[in-house]
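The exercises below are meant to be worked through with the sequence and the model side by side. Try each task before reading the solution that follows.

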Amino acid sequence: MLDINPPNSDLDTVAGWVLGTSLVIMVAAAVILGNVWTGGKAFGSARLTSRGQTGVVLVVIACVILASISGAIKYSTKDSMTEDLLPEAAKQRTIRVDRESPSSKCEELVSIASDKHLDGKKDKADDEEGMQYKPTEAEAGKMGKAIREIGADNMAAEKVWTKSIAWGGRFGDMPDKKDWKENRAKYMEKHTPMYSRIQWLPDGTKGKCDNRNFHAAKGAPVEVIFWELYKTGSGSNHDPSGGAKQYGYRMFRIPVK
């Protein structure tokens, strides 16, 4: 925190220099002109007497004017003399500057995704099965490890969606937010999902704001998208073990408490 005050004016100092120098010069001039005046009288020269008298008078007038100007400058540069005469906005004030440390809160979401994750950018999958968008074991394993480090695997989901590979309409069995935690084993066995993308907001007080910071910020949800198999044909409870099968996405939204 800094207090910045405007510098005092040096005009009064300059005025003093000007007044002092001018007075020295004028005293010398007055002496010379006075001698001219008295000399004119002594030698009976009306011309010299008139010039000397006029010069002395002019010197006196100049001294009075300079003294007035210098006094006005000195008066105007004193805060105590001018503060009450100025409008409020023009008065001298102290400028206060507060220096705060940069905020450590992250503002950008970070993610880890498979190279083949559509991210909702394509309108239609090239093949109906969607096998070409299957994440690799290494990619899915990396995301699973990050989810465990974040601790989201032990948190309850608040919402869930299912979408086609092309992010069109909802397909497959009815999504259930309990599939994330309570019914995970049953869901995994039925749909054999693989992590396709995870996304979260890092806690900037515990690390950098990148996808290597697995401290998720409280109040910001973790988003998980699985690449999975689901049943599109008829069958009891849409069991994907029989009938037409298709691959799609399931998204879980898990709030960080």
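**Exercise 1. How many salt bridges does a search of the whole structure find?**

Solution. Bear in mind from the start that this is a predicted model. Side chains of opposite charge can pair when their charged atoms come close. Searching the whole structure with that in mind gives five salt bridges.

As a next step, take Arg 250 and Asp 179, whose side chains meet in a salt bridge with an N to O distance of 3.1 Å. This pair links distant parts of the chain, since Arg 250 belongs to strand β7 whereas Asp 179 sits in the loop between β4 and α5 (184-191), 71 residues apart. Both Arg 250 and Asp 179 are buried.

Then turn to Arg 197 and Glu 223, which form a salt bridge whose closest N and O atoms are 2.3 Å apart. Here too distant parts of the chain are linked, with Arg 197 in strand β5 and Glu 223 in strand β6, 26 residues apart. Both Arg 197 and Glu 223 are buried.

Another of the salt bridges joins Asp 210 to Arg 212, with the closest N and O atoms 3.2 Å apart. Asp 210 has a relative accessible area of 18%, and because buried means under 20%, Asp 210 is buried. Arg 212, at 64% relative accessibility, counts as exposed. To finish the step, note that salt bridges sharing partners join Asp 179, Glu 228 and Arg 250 into one network.

**Exercise 2. Which residues of strand β4 point to one face and are buried, and which point to the other and are not?**

Solution. Follow the side chains along β4, residues 159-164, and they alternate. Val 160, Thr 162 and Ser 164 point to one face and are buried, while Lys 159, Trp 161 and Lys 163 point to the other face and are not buried.

Next, look at the neighbouring strand in the pairing: six bridges join β4 to strand β7 (residues 245-254), and the two run antiparallel. Within this pairing, Thr 162 stands opposite Arg 250, and Ser 164 stands opposite Gly 248. Strand β7 is itself mostly covered, with eight of its 10 residues buried.

**Exercise 3. Which two cysteines form a disulfide, and what is the handedness of the disulfide?**

Solution. A disulfide is a covalent bond between the sulfur atoms of two cysteines. The count for this model comes to one disulfide, formed by Cys 106 and Cys 209, whose sulfur atoms are 1.9 Å apart. The torsion about the S-S bond of Cys 106 and Cys 209 is about -85°, so the disulfide is left-handed.

The pair links distant parts of the chain, because Cys 106 lies in the loop between β2 (95-97) and β3 (110-113), while Cys 209 lies in the loop between β5 (194-200) and β6 (222-231), 103 residues apart. As for accessibility, Cys 106 is buried at 2% relative accessible area, whereas Cys 209, at 44%, counts as partly exposed.

**Exercise 4. Which residues line the largest pocket, and how do they divide into nonpolar, polar and charged?**

Solution. Rolling a probe the size of a water molecule over the atoms shows where empty space is left. The largest pocket has a volume of about 160 Å³. Its lining consists of Asp 173, Met 174, Asp 176, Asp 179, Asn 183, Lys 186, Tyr 187, Lys 190 and His 191. These lining residues divide into two nonpolar, two polar and five charged. One of them, Asp 179, is already familiar as the salt-bridge partner of Arg 250.

**Exercise 5. Where are Thr 192 and Ser 196 found, and is each buried, partly exposed or exposed?**

Solution. Begin with Thr 192, which is found in the loop between α5 and β5. With a relative accessible area of 45%, Thr 192 is partly exposed. Most residues other than glycine have a negative phi. The phi of Thr 192, however, is near 40°, a positive value in a residue other than glycine.

Continue to Ser 196, which is found in strand β5 and, at 0% relative accessibility, counts as buried. Finally, compare sequence with space: Ser 196 and Glu 139 are 57 residues apart in sequence, and their C-alpha atoms are 7.8 Å apart.

Technical notes. Residues are numbered from 1 along each chain as its sequence is written. This is a predicted model: local features need pLDDT of at least 70, side-chain atom pairs count only at pLDDT 80 or more; totals for chains, interfaces and linings use all residues. Side-chain values use heavy atoms; hydrogens and water are left out. On a 1 Å grid over the protein atoms alone, a cavity is a set of points where a 1.4 Å probe fits but cannot get out, and a pocket is an open set with protein on both sides within 12 Å along at least five of seven lines; lining residues have an atom within 4 Å of a point. Grid points are joined across faces, edges and corners, and a volume is the space filled by probe spheres set on the points. Ala, Val, Leu, Ile, Met, Phe, Trp, Tyr, Cys and Pro count as nonpolar, Asp, Glu, Lys and Arg as charged, and the others, Gly among them, as polar. A disulfide is a pair of cysteine sulfur atoms within 2.5 Å. Helices (H or I, at least four residues) and strands (E, at least two) are DSSP runs, numbered from the N terminus. Buried means under 20% relative accessible area, exposed over 50%, partly exposed in between (1.4 Å probe, protein chains only). Two strands pair if DSSP finds at least two bridges between them. A salt bridge is a side-chain nitrogen of Lys or Arg within 4 Å of a carboxyl oxygen of Asp or Glu.
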